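Got your viewer open? Load the model, pick a plain cartoon view, and follow along.

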Amino acid sequence: MSWKSIIWNGLLVAALCLAAFLLYRIFQQYSLDEIVQSVRSIPFSTFCTALLFTAASYLCLSCFDLLAIRSLGKSLRYRNILLASFVSLSLGHNIGFAGLSSGAFRYRYYSRWGLTAEDVAKIILFCGVTVGLGLITLGGLAMIINPSDAGRLLRIDSASVRAFGSLALVVPIVYAGLAFFVRGTLRLWRWSFQLPPFSIAVAQVGIGTINFMFVSACLHQMLSAFGDVAFFRSVTAYVLANSAILATHVPGGLGVLEAAVSYAVPKEASIGALIAFRCAYFFIPLALGTTLLVISEVIFRRRSRRADEEADERAEAQSV
């Protein structure tokens, strides 16, 4: 086993241990009956509304791939992009190291449709930038609109929180400005970055932010079943949780998400709300994504076998 494999395996084990520890700290204060009752207390209509926000989020995520492919000057059917994006991200969100894990699934799909490994690498990078822009933009808005919660979490005054929020919003503005004025490759010292067209850069910021608003709305539905929580309190909680997940790369954010949300909104973050949110945004898409992966693999293999048979028949006909 190479040193690289040992390091990656060690990081994965450490992430799983961290997840187990955080989950233990959260669940130890509840009995099984309390957990079941907490989940059952969420109205079915509330859970269905949360599922609609989940679906809207995954549609936004497919638009990340769509924009990336257009920025490359390529063209694919949207239904193909939607399939590749949903399967890749529904599995990647739960596996952890989403950029790498979802990238492997993306390559399996996109390579069949004519894209190269370099193209897929650029799509992954583009989507990662879009995630960062969306998270920074929504986090900046949350700090400006709801400075009290962010100030309590960061232990600074509201004026400082608003200042940090304003600085955060400078990032997407600068990014869009560079795309407008540079219009091509941006060179910084020894590195070079290919900027997308201005319209695509603006779309990145907009769709990235909207995606995280939908995820926050899904979380808000669950939290609101246990208390009167403002929407931007849910946004603050989710931005904090997602930042922690990206920093730790714990598979599915297990334990990290629950700990971060419980810290941000301790009164409303019942164990039932957190489990229901995880089911709506992680587990149900995982089941659907796995099913679609299996079905699509069967279809692809049948088509490949049929194409090979037709090629053999043509070769035999030509030889005769």
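Here is a short walk through the fold, two helix packings and a few cysteines.

**Stop 1: the whole chain**

Keep in mind that this is a predicted model. Colour the protein chain by secondary structure and you should find 12 helices and 2 strands. Trace the chain from the N terminus and the order reads α-α-α-α-α-α-α-α-β-β-α-α-α-α. Now switch to colouring by accessibility: of the 320 residues, 43% are buried. Among contacts with a separation of 6 or more, 70% link residues 24 or more positions apart.

**Stop 2: helix 3 against helix 4**

Select residues 44–71, which is helix 3, and then add residues 78–95 for helix 4. At what angle do helix 3 and helix 4 pack? The angle is about 120°, and the axes lie 9 Å apart. That angle makes the two helices oblique to each other, and their crossing is right-handed.

Turn on side chains to see who makes the contact. On the helix 3 side, show Tyr58, Leu59, Leu61, Ser62, Asp65, Leu66 and Ile69. Facing them from helix 4 are Tyr78, Ile81, Leu82, Ser85, Phe86, Leu89, Ser90 and His93. Colour this set by class and you get 10 nonpolar, 4 polar and 1 charged.

**Stop 3: helix 3 against helix 6**

Keep helix 3 on screen, hide helix 4, and bring in residues 117–145, helix 6. Here the packing angle is about 125°, with 9 Å between the axes. This pair is therefore oblique as well, and the helices cross in a right-handed sense.

For the side chains, pick Phe64, Asp65, Leu67, Ala68, Ile69 and Ser71 on helix 3. Their partners on helix 6 are Ile123, Phe126, Cys127, Thr130 and Val131. The class count for this contact is 8 nonpolar, 2 polar and 1 charged. Leave Asp65 and Ile69 highlighted for a moment: both belong to the helix 3 side of this contact, and both are also listed in the contact with helix 4.

**Stop 4: the cysteines**

Cys127, which you just selected, is buried, at 6% relative accessible area. Next, jump to Cys60, which is also buried, with a value of 10%. How many disulfides does a search of the whole structure find? The search gives 0. Cys60 is in no disulfide, and if you draw a distance to the nearest cysteine sulfur, that of Cys63, you should read 6.1 Å.

Note on methods
Residues numbered from 1 in each chain as written. Predicted model: local features only at pLDDT ≥ 70, side-chain atom pairs only at ≥ 80, totals over all residues. Heavy atoms only, no water. Disulfide = S-S within 2.5 Å. Buried < 20%, exposed > 50% of the residue type's maximum accessible area, 1.4 Å probe, protein only. Axes fitted to C-alpha atoms, helices over the stretch in contact; angles between N-to-C directions. Helix = DSSP H or I, 4+ residues; strand = E, 2+ residues; numbered from the N terminus. Parallel < 35°, antiparallel > 145°, perpendicular 65-115°, else oblique. Left-handed = near helix turned anticlockwise from the far one by under 90°. Contact = heavy atoms within 4.5 Å. Nonpolar A, V, L, I, M, F, W, Y, C, P; charged D, E, K, R; others polar.
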